[in-house]
Amino acid sequence: MTAKQRLARTRWTATVGGIFSGGVLGTLLLVPLGTGRALLVIAAVVLLLAAAGMVAPSREREPVPDSP
């Protein structure tokens with residue numbers, strides 16, 4: 001598998017996984033908490049994941065051919 005194909009598969013997997021986990025989290029929180037609190041919890045989770053992504057050290061990446 002080429003580097004471009006691995007990148008495309010990784011992006012697709014992250015997209016599908018994010019949609020699925022967001023739907024599950026929303027469903028599990030919406031019923032007991034109500035709409036407003038459920039959205040606040042989901043926003044807090046997204047914020048924490050973004051902060052963790054910024055703090056985590058980036059690994060060395062090999063250049064992807066034909067990429068700007």
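User: Where is Val41 placed, and why is Val41 called partly exposed?

Analyst: Val41 sits in helix 2 of this predicted model. Its relative accessible area is 31%. Buried would require under 20% and exposed over 50%, so Val41 at 31% is partly exposed.

User: What makes Val41 part of a nonpolar patch?

Analyst: Val41 shares a nonpolar surface patch with Leu33, Val45 and Leu49, and together they have about 300 Å² of accessible area. Patch residues need over 30% relative accessible area, so Val41 passes that cut-off with its 31%. Helix 2 supplies the largest share of the patch, three residues.

User: How do you know that the span of helix 2 agrees with its number of residues?

Analyst: Helix 2 covers residues 35-55, which is 21 residues. At 1.5 Å a residue they should span 30 Å, and the end C-alpha atoms are 30 Å apart, so the two values agree.

User: And what is the span of helix 1, set against the expected one?

Analyst: Helix 1, residues 3-33, has 31 residues. From first C-alpha to last it reaches 43 Å, which is close to the expected 45 Å. Just after helix 1 comes Gly34, with a positive phi near 90°.

User: What makes you say that helix 2 is hardly covered?

Analyst: The count of buried residues tells us: it is one among the 21 residues of helix 2. For the protein chain, 6% of the 68 residues count as buried.

User: Which residues of helix 1 are buried, and what do they pack against?

Analyst: They are Ala3, Gly26 and Leu29. To be called buried, a residue must have under 20% relative accessible area. The buried residues of helix 1 pack against helix 2.

User: Why does Thr27 count as exposed?

Analyst: Thr27 belongs to helix 1. Its relative accessibility is 53%; the cut-off for exposed is over 50%, so Thr27 counts as exposed.

User: What makes the approach of the Thr27 side chain to Gly23 a polar contact?

Analyst: The Thr27 side chain reaches the backbone oxygen of Gly23 at 2.8 Å. The limit for a polar contact is 3.5 Å, so 2.8 Å falls within it. Thr27 also lies 8.9 Å from Ala38, C-alpha to C-alpha, with their positions 11 residues apart in sequence.

User: How many helices and strands does the protein chain have, and how much area does the chain expose?

Analyst: There are two helices and zero strands. The chain exposes about 6,100 Å², with 69% of that supplied by carbon and sulfur atoms.

Methods:
Residues numbered from 1 in each chain as written. Predicted model: local features only at pLDDT ≥ 70, side-chain atom pairs only at ≥ 80, totals over all residues. Heavy atoms only, no water. Helix = DSSP H or I, 4+ residues; strand = E, 2+ residues; numbered from the N terminus. Expected span 1.5 Å × (residues − 1). Buried < 20%, exposed > 50% of the residue type's maximum accessible area, 1.4 Å probe, protein only. Areas by Shrake-Rupley, 256 points an atom, 1.4 Å probe, with all protein chains shown as cover. Patch = residues over 30% accessible without salt bridge, like charges linked within 9 Å, V, L, I, M, F, W, Y side chains within 5 Å. Salt bridge = Lys/Arg side-chain N within 4 Å of Asp/Glu carboxyl O. Contact = heavy atoms within 4.5 Å. Polar contact = N/O pair within 3.5 Å; in protein donor to acceptor, adjacent residues only side chain to side chain.
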